[in-house]
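Thank you all for making time this morning. I would like to walk you through one model, going from a single strand outwards to its neighbours.

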Amino acid sequence: MMLMPRDEFLGRVARTQEVMTRSYIDALMLTGDENVRYYSLASSWAPWASFARPMIVIVPRSSQPILVIHQVFVDLTRKISPVRQIVPYGADDSPVEVVADVIRGLNIGEGRVGCELGREQ
């Protein structure tokens, strides 16, 4: 039940990665609701959830996006999102630590990570 054609998704990612390459950015960390939806279609569907259970998209310069979300959103998100790599965190996990682990796993060393911080995050 993918809500975005795969070509549209890949085009969004490719255009972003082209700008990242020109700007010498190795990865983007996106936290604003509108940008998380743009790159993943993920949404908390509840206004309070975005503050208590943040959703983060990591866009590496040379590979596909990674979505970090609370485990309660995983099943539905897998059904609607074109993002194939979803990293869940649980009630006892720190989303900040999970994101840090994802970024470390990109093996960009001391590369540049652009951070778009959404409102109140």
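**Strand 3 and its surroundings**

Let me begin with strand 3, where 5 of the 5 residues are buried, so the strand is largely enclosed by the rest of the structure. Please keep in mind that this is a predicted model, and that I use "buried" for residues under 20% relative accessible area.

In a regular strand the side chains alternate between the two faces of the sheet. Here, Ile 66, Val 68 and His 70 point one way from strand 3, while Leu 67 and Ile 69 point the other way, and all of them are buried.

Now to the sheet itself, which is open, has 5 strands in the order 4-3-2-1-5, and shows mixed pairing. Its edges are strand 4, residues 85-89, and strand 5, residues 113-116, each of which pairs on one side only. From one strand to the next, the twist averages 20 degrees.

What, then, lies on either side of strand 3 in that order? On one side is strand 2 and on the other strand 4, and I will take them in turn.

Strand 2, residues 56-60, runs antiparallel to strand 3, residues 66-70, and 3 bridges join the two. The connection between them is a hairpin of 5 residues. Within this pairing, Ile 56 has Val 68 as its bridge partner, and Ile 58 stands opposite Ile 66.

Strand 4, by contrast, runs parallel to strand 3, and 5 bridges join this pair. Val 68 appears again here, standing opposite Val 87 in strand 4. The path from strand 3 to strand 4 includes helix 4, residues 74-80, and the three elements together make a right-handed β-α-β unit.

Let me turn next to helix 2, residues 33-40, which lies across strand 1 (27-30), strand 2, strand 3 and strand 5, and which runs at about 55 degrees to strand 2. Which residues of helix 2 are buried? They are Val 36, Tyr 39 and Ser 40. These three cover an arc of only 80 degrees around the axis, which puts them on the same side of helix 2. As a reminder, an α-helix has 3.6 residues a turn, so residues three or four places apart point the same way.

The buried residues of helix 2 pack against helix 1 (6-22), as well as strand 1, strand 2 and strand 3, which brings us back to the strand we started with. Finally, just after helix 2, Leu 41 takes a positive phi of about 65 degrees.

Technical notes
Residues are numbered from 1 along each chain as its sequence is written. This is a predicted model: local features need pLDDT of at least 70, side-chain atom pairs count only at pLDDT 80 or more; totals for chains, interfaces and linings use all residues. Side-chain values use heavy atoms; hydrogens and water are left out. Two strands pair if DSSP finds at least two bridges between them. Helices (H or I, at least four residues) and strands (E, at least two) are DSSP runs, numbered from the N terminus. Axes are lines fitted to C-alpha atoms, for helices over the stretch in contact, and angles run from 0 to 180 degrees between N-to-C directions. Contact means heavy atoms within 4.5 Å. Buried means under 20% relative accessible area, exposed over 50%, partly exposed in between (1.4 Å probe, protein chains only). A crossover is right-handed if, with the strands pointing away from the viewer, the path from the first strand over the helix to the second runs clockwise. The arc is that of the directions from the helix axis to the C-beta atoms.
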